[in-house]
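Visitor: I'm new here, so could you show me around? I'd like to ask why things get the labels they do.

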Amino acid sequence: MRDVRMKGFGERVDVEKVEDFLADLSRPLCAETVDLLSCAGRVLAQDVDSVVDVPGFARAAMDGYAVRGEDTFGASVYDAIELELLGLSLPGAPFGGSLGPRQAVRIMTGAPVPEGADAVVMAEVCTEKGPRVEIREAVAPQKNVGAKGEDIRDGDRVLAADRRLRAQDAALLASIGCAEVSCVRKPRIRFVITGDELIPAGGRPDAAGAKIVDSNSVMLRALVARDGGSVLPFEILPDERDVIRDAMAAPDADVVLVSGGSSVGQEDHAPGLLAELGSLDFHGVAMRPSSPTGIGHIGERFVFLLPGNPVSCLCAYDFFAGPTVRALGGRSRDWPHRRARLPLRRKISSAIGRTDYVRVEIEDGRVTPLGTSGASILSSTVRASGFVIVPRECEGMAEGEEVLILLYDGDGEF
Ligand code: AMP
Ligand code: MG
């Protein structure tokens, strides 16, 4: 591979070509067993079929009296009937015996309906009179009774593979007696944060010196969490070839995200190292920002060389690394952002042959591209409501045109 440092990029590859390449290669990781209590948000690796009925017994759906429905036929306020009261059925403490004709058992919601009973009369239309209960309303058989298996039947497919488990899904798994579930393993992400000028996040940028705070790792951590990956411990590395080499070569990750040093400058070691350690499949993408992005792999590991400029870093992650992390974890590659379609207040110009990531503000239902929007201006992404993607073959978008906006807000949990 030729050393491109200080010589510039030759051809830049189209965004779609990189996307297709990554889509072809990224398959969900193997399954792992996950404790039921941590499974919400994870992706199921297998179908789940119930091996039990839920509930496993007929249960009262009301507080009242378990009866045989036919015994109450004809009962009304004007013509009350009386049944013999045998005992009590509580949730978790069922009535032991069975019920014969003209007998009743006091019962609470969720308690097993005793053998011989087929309906529950609600407490409001009943009055206990010593060993008997007066009933002033008729109930048909099955009234106020939840049948065995009314929620889930033995053999039902309750959840299918690939399902991203919601809170209620996890609850349902608990209800059918699962203690653990088989989920797609979370992709492990190694950060290789490079730059002699960086101090760790949490520190103060010194006013006089030449140091800046590593903000990229803070952003990337949140993006990886959004996409279902887990970040391995990392340190900030100097622009030293051997140090960066060791970090990139470490074998324990599914995805390596290198921040900084991805371009063709004198201190940009990552592209050459990637070519040496594995394969630098693409270097230089026809897009703005993020053109000095590199994409490659070392064995099974995906490696993304993300430019150090924060806006480029965000954009390159979201175009290339994000879909890969999601796909490895069994999620959709698609943009996770909420979307809006609104007209443009001002036109957006773009060059044919290049994909643009344009930060926009939404005001009064119209979309304005941000003026100060260089790749180093992190605050532009903070001011922005979202971004518009101008495709490669498009020269721009006219004032008044309706455009699709991908919103930074509400794009998944952290
Ligand atoms: P580089 O991609 O290494 O050429 O860096 C491009 C610009 O991004 C430079 O101004 C760097 O100081 C800045 N930069 C590099 N890494 C980070 C980082 N982790 N956080 C914030 N800014 C960075
Ligand atoms: Mg650098």
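Guide: Happy to, and keep in mind that this is a predicted model. Let's start with Leu257, which touches Ile189, Arg190, Phe191, Val192, Leu220, Val224, Phe304, Leu306, Tyr317 and Ala321, leaving aside residues up to four places away in sequence.

Visitor: What makes those count as touching Leu257?

Guide: The cut-off is heavy atoms within 4.5 Å, so each of those residues has a heavy atom that close to one of Leu257.

Visitor: Which residues touch the most other members of the largest nonpolar core?

Guide: Leu257, Phe304 and Phe320 do, in a core of 41 residues. At least two residues each come from α1 (15-25), β13 (188-194), α3 (216-226), β18 (255-259), β22 (301-306) and α6 (310-328). The biggest share is from α6, with 10 residues.

Visitor: Why is Asp364 called exposed?

Guide: Exposed means over 50% relative accessible area, and Asp364 has 77%, so the label fits. Asp364 sits in the loop between β25 (355-363) and β26 (366-369). Its phi is positive, about 50°, though it is not a glycine.

Visitor: And why is Arg102 called partly exposed?

Guide: Arg102 has a relative accessible area of 43%, which falls between the 20% and 50% limits, so it is partly exposed. You'll find Arg102 in the loop between β5 (81-89) and β6 (103-107). Here too phi is positive in a residue other than glycine, near 60°.

Visitor: What makes a positive phi worth pointing out?

Guide: Most residues other than glycine have a negative phi.

Visitor: Where are cis peptide bonds found?

Guide: One runs from Val54 to Pro55, with omega near -5°, and another joins Arg288 and Pro289, with omega about 0°. Pro55 is in the loop between β2 (48-49) and β3 (59-60), while Pro289 is in the loop between β20 (287-288) and β21 (294-298). Most peptide bonds are trans.

Visitor: How do you know that Asp214 makes a polar contact with ligand 1?

Guide: A polar side-chain atom of Asp214 lies 2.8 Å from a nitrogen atom of ligand 1, and the limit is 3.5 Å, so the pair qualifies. A polar backbone atom of Asn216 is 3.3 Å from a nitrogen atom of the ligand, and a backbone N or O atom of Gly308 is 2.8 Å from an oxygen atom of ligand 1. The protein covers 75% of the 490 Å² of accessible area that ligand 1 has on its own.

Visitor: Which residues come nearest to ligand 1?

Guide: Of the 14 around ligand 1, they are Glu197, Asp214, Gly261, Gly308 and Asn309.

Terms used: Residues numbered from 1 in each chain as written. Chains lettered and ligands numbered in written order. Predicted model: local features only at pLDDT ≥ 70, side-chain atom pairs only at ≥ 80, totals over all residues. Heavy atoms only, no water. Helix = DSSP H or I, 4+ residues; strand = E, 2+ residues; numbered from the N terminus. Buried < 20%, exposed > 50% of the residue type's maximum accessible area, 1.4 Å probe, protein only. Core = buried A, V, L, I, M, F, W, Y, C linked by side-chain atoms within 4.5 Å. Near = heavy atom within 4 Å. Polar contact = N/O pair within 3.5 Å; in protein donor to acceptor, adjacent residues only side chain to side chain. Areas by Shrake-Rupley, 256 points an atom, 1.4 Å probe, with all protein chains shown as cover.
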